[in-house]
Amino acid sequence: MTGRLAARWALPLRVARREAWRSKGRSLLVLVLIALPVLAVTASAVVVATTQVSGAEGIDRRLGTAQARVDVSPDIGRVVQGADPDQGALITEGPAPQRPLDAADLSRRLGGAPTTELRQSQARFVSDDGAAPVETTELDLGDPLTRGLFDLTSGRWPSGPGEVVANQALLDRLGLAVGDRLEPAAEGGPSPRVVGVAESTTVRSSPVAAGPLGSLGIDTSGLRSWLVGGDPVTWSEVRGLNRAGAVVVSRSVVLDPPPADQLPDELGVTGTTDPVIVAVVALVVAMVLLEVVLLAGPAFAVGAKRQARSLALMSSSGATPAQVRRSLLATAVVLGSVAAVGGVLLGLALAAAAMPLVQRLSASWLGPFDVPWLPVLAVLAFGLLSALLAALAPAVMVARQDVVAVLAGRRGEARPSRVSPVVGTLLLALGVAGSAYGALTRGSELFIAFAAVLCVLGTVLLVPLVLALLGRLARRLPLVVRYAVRDAARQRSRTAPAVAAVAATVAGVVTLGIGASSDALESRSTYQPSLAMGSGVVTPGWSETGEPLPGSWEAAETVVERALPEARTTAVVGLGQDDGNSYTEVSRPGSSVPVLSSYGSALGGSELVGDEALAAAPGLSAATLERVRTALADGRAVVFADQTGDSDTVRVRVERVEDDGTTSRVAQRTLPATYVAVGAATAPAQLLLPPELARELGPTRTVGLVVDGAPIGDAQEEAVSEGVAALGMQGSFYVERGYQADDEDVIVLLVLFALGAVLVLGGTLTATFLALSDARPDLATLAAVGASPRARRGIAASYAFVVGFVGAALGAVVGLVPGLAVAVPLTSQGADGGWTVEGGDVVSGAPPVTGPFLDVPWLLVLGLVVVLPLLTAAVVGLLTRSRLPLVARAA
Amino acid sequence: MNAAGTAVLRLDDVHRVHGQAATEVQALRGVSLAVYPGELVAVMGPSGSGKSTLLTIAGGLDSPTSGTVCVEGRDLGGLDRAGRARLRRTSVGYVFQDFNLVPALTAAENAALPLELDGVRARAARGAALAALGELGIEELADRFPDQMSGGQQQRVAIARAVVGERRLVLADEPTGALDSETGEEVLRMLRARCDAGTAAVMVTHEARHAAWADRVVFLRDGVVVDESSPLPPTALLEPSLR
């Protein structure tokens, strides 16, 4: 069988090799078109694989020379874990044991293995501008088990609890040198001396410090970790420790994971791939394949025409259509395999060369150079497949050619297929229908993506028909353009794929562009400012239990004054018990429905006292402000509501959530109130109280510090941010600058345009220069009747324009459909209808229904459809030699 | 001959060397020739005698290594490439053996090509082209594309293109080579008629009976004019011994 296969392909392959060598330009073109995507995918696959440090690769970084790492948490009863608990497979359950494991228990359970304790956390240390976060580790750096976690690059290891090592990133960030002390941002922590520079083997560019136990004041709230030496820790030992409430990372288990049937059932099926991701990858691969096939197609079409005569001679001497086909496909095999193998090799080389740069940009240390062979082999196959597919249509056509006509030297193209426009129309209709269905159904972005691919495929099949129609309409065009249009229409086998490639690219770019810019429009339109434009507010950080961190507001004020001497600062006072453990309910008397469906607390709290902070609240008209001030002055509460009602009192309840989950009422009052409707806008708070009413509800405190009255620049914002972050309150500083057009939005459109431009340019140039070499006899005729040397340029430029413009226009029209379709689900919110609230009360103000927002990036479309083809035509005009072939009569 | 009129085409001691040193080929060696209005000159000779080179040089598609070529009194040596192209658009018409027409253009558009290339407005150019086709009796072909025409029809369109406008020199390189004899005769009759109307024509041919349509036959061998005669029995010309 293989012998027969070899015999059938030996001759075509030999001929193909010579033919490829003879027409070097065309071969090079195909090689580049196929090798480039192969190269790009290979290189990025290698870079990604190298950047991702797998569990096995990173085991020394995580364990040093230890056999395992054991974490014991005081409130965990039983652990269910996978082979590598750091990779997500982790469940904890059951009541906490009487006494958690300690080092002695651990050593006893593991046959007297040596252990050493390890503590890891994050702490803030004083920097030039305030405070910077540092990854901290406490461990015995002299213990052989910890070897491999840190590499000393200068200085020495710590010799006592007052000494630590730090990495270069920490010294740079905090402006320290070896010998200096680390100053903790929080009060009362130790301030150890840095005695050496040691790099973490995991983290590269963020600050890291390590020292003996106690040196950095790490509080792990009961969580204890040990590195364990001795013999390898087996899976059954891991399971045993799990039952005692410990999480175990065992070197031998990670390197040699137990079979799936030994993993605990509770973890369920792991490692399944999300079908959506598979679908997206399949779509992307299909589109790239289509693009490469369409771009390389014209080269094979021209090759087939060049060989038409010799293939006709083969037919006349008895070759079957299959043999004729094979001789052309053999060219694809030769070029495809050279391109695929070459692309992979170059991709590997590129990845190797780029590694130092990637390392410099990466925050962590990269793993060893890693070639993911399976994807690389897939890419290799992809390269070969794309060449074969690109050659398929020309091969089938050349096998069907009229031998007599070719031998008699008649030129001319076969009639356009009658089937493909029908199929194309059908696909296009399906795509449009699918897009429409997708637009009207929620969560259907992927569905629309498939519909978009159908649209593009349909368009590809319709391109020959469009070209033929254009050829008929060309009569009134100037000579060179007329020639170009008619030539494009006549030589469909090489023009259609190029036009289709441009159309497919532009359709994709327009679709994504509409999605991206509609998304941006939604963000812009639905943006709700938190503060009045240009104002800023300092708010405190929150403790882990949800309490606002205590801190000195005078210190915060000093920080602001230092950075913004001109600005006015106003303390915002709010109800004192509004913290993580209590909440305030505001409703109309006799109703349990909140008067406000959503509100912000940008000013530091949502139940505020007095009107001092109101100047910084956004979107309140002067009249409203006046009403609010009057009401407060009259001793009435001001209630922000979705809708005003007839009520002139309000019920305020303060509830406290106890540790066991029950709630208890702290205070309940019915107060005289003025209602202010805010409509769809976010209210600055839910309640404003005059001081005397606030006292009835409990203590008050300062919740924020409003900064206004002076422009706040980026530098000042940063200075205040860093300054208040260093305070005990670990505060943050927010400045309202209105909707900030994400740089990303613009960048996305620019990248899309660039991508489109490269592909459109590539497709157009390919087709144009193939057309020029094909048009040699025609150009010679033109020269003989006196065409000026410029004519060649004019024809080339016109041809490039026709290919680019027709493709881009078709693509833009087709891209509009799925683009608008995908923008609908992407930008519609709350379309499911209003809320209902328990107790049968329907909330009057349902969440606002917004969208869909539709925005076609016309500039992008115009650029792709008009500017780009003109630009390409200009480039082609400049690049084309103006010399006409003068005496090229022999055809 | 018609010595009184001014020669439309005049070649004076024209040499043309292709290649260099070892590969050097002397295509023309001191050819002198004058063609007058209304004259049809046939150029004959064996393959490689320089017939085609003579035609390409006469129309400015190629330049002589030495010697001068004048078309309607203008020395081609003094014209640049663009100037020679202009000359071909306005004064000289070429007819080749095959691949004469641009397949992407209709018959009328092909015939109008020199005028359109010269900047004549499309409508006017089409009018002139239709007139030329009409004179040759092939108006009905105007809107056909080359691959919808027979070889003879294509060749007639090529002649129409060669004479469209006010051009007075037609250079034809084996215009009947790809045609059957009957169609060939018809094409030649047409060319003869144009010459009788005042056009000058040079026709390369290797068929003696076609040379019979000519006023004069120039015989080339190895780049040299070995005989120039008024129409004798053409067969005599083919036998060097009869000189």
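Buried means under 20% relative accessible area, exposed means over 50%, and partly exposed is what lies in between (1.4 Å probe, protein chains only). This is a predicted model, in which local features need pLDDT of at least 70 and side-chain atom pairs count only at pLDDT 80 or more, while totals for chains, interfaces and linings use all residues. Residues are numbered from 1 along each chain as its sequence is written, chains are lettered from A and ligands numbered from 1 in the order in which they are written, and side-chain values use heavy atoms, with hydrogens and water left out.

**Exercise 1. Work out which way the residues of strand 7 of chain B point, and which strands pair with strand 7.**

Step 1. Get the naming straight: helices (H or I, at least four residues) and strands (E, at least two) are DSSP runs, numbered from the N terminus.

Step 2. Split the strand by direction. B:Leu169, B:Leu171 and B:Asp173 point one way, B:Val170 and B:Ala172 point the other way, and all are buried. Five of the five residues of strand 7 (residues 169-173) are buried, so this strand of chain B is largely enclosed by the rest of the structure.

Step 3. Look for the partners. Two strands pair if DSSP finds at least two bridges between them. Strand 6 (residues 92-95) of chain B runs parallel to strand 7 of chain B over four bridges, and B:Tyr94 sits opposite B:Leu171. Strand 8 (residues 200-204) of chain B also pairs with strand 7 in the parallel sense, over five bridges; here B:Val170 has B:Ala201 as its bridge partner.

**Exercise 2. Give the strand order of the four-stranded open sheet in chain B, and name its edges.**

Step 1. Read off the order: the four strands go 2-1-4-5, with antiparallel pairing.

Step 2. Pick out the edges. Strand 2 (25-35) and strand 5 (74-75) of chain B each pair on one side only.

Step 3. Check a pairing inside the sheet. Strand 1 (residues 9-18) and strand 4 (residues 66-71) of chain B are antiparallel over five bridges, and B:Arg10 has B:Cys70 as its bridge partner in strand 4.

**Exercise 3. Take three salt bridges within the chains, and say where each partner lies and how buried it is.**

Step 1. Set the rule. A salt bridge is a side-chain nitrogen of Lys or Arg within 4 Å of a carboxyl oxygen of Asp or Glu. The whole structure has 31 of them over all chains.

Step 2. Start with A:Arg119 and A:Glu138, whose side chains meet at 3.1 Å, N to O. A:Arg119 is in strand 4 (residues 115-127) of chain A and A:Glu138 in strand 5 (residues 130-139) of chain A, 19 residues apart. A:Arg119 is partly exposed at 23% relative accessibility, whereas A:Glu138 is buried at 0%. Both belong to a salt-bridge network that also links A:Glu117 and A:Arg224.

Step 3. Move on to A:Arg669 and A:Glu696, at 3.4 Å, N to O. A:Arg669 belongs to strand 18 (residues 663-677) of chain A and A:Glu696 to helix 19 (residues 691-696) of chain A, 27 residues apart. A:Arg669 is partly exposed at 33%, and A:Glu696 is partly exposed at 38%.

Step 4. Finish in chain B, with B:Arg156 and B:Glu186 at 2.9 Å, N to O. B:Arg156 lies in helix 5 (residues 151-163) of chain B and B:Glu186 in helix 6 (residues 181-196) of chain B, so the pair ties together parts that are 30 residues apart in sequence. B:Arg156 is buried at 14% relative accessible area, while B:Glu186 is partly exposed at 33%.

**Exercise 4. Describe the contact between chain A and chain B.**

Step 1. Count residues, with contact meaning heavy atoms within 4.5 Å. Chain A puts in 25 residues and chain B 27 residues.

Step 2. Get the area. Buried area is the accessible area (1.4 Å probe) that two parts lose on being put together, summed over both. Between chain A and chain B that comes to about 2,600 Å², and carbon and sulfur atoms give 61% of it.

Step 3. Add the charged pairs. There are five salt bridges between chain A and chain B, including one between B:Glu109 and A:Arg486 at 2.7 Å, N to O.

Step 4. See which elements of chain A take part. Helix 15 (479-490) and helix 22 (776-784) of chain A are the elements that give two or more residues to the side touching chain B. Helix 15 of chain A gives the largest share, six residues.
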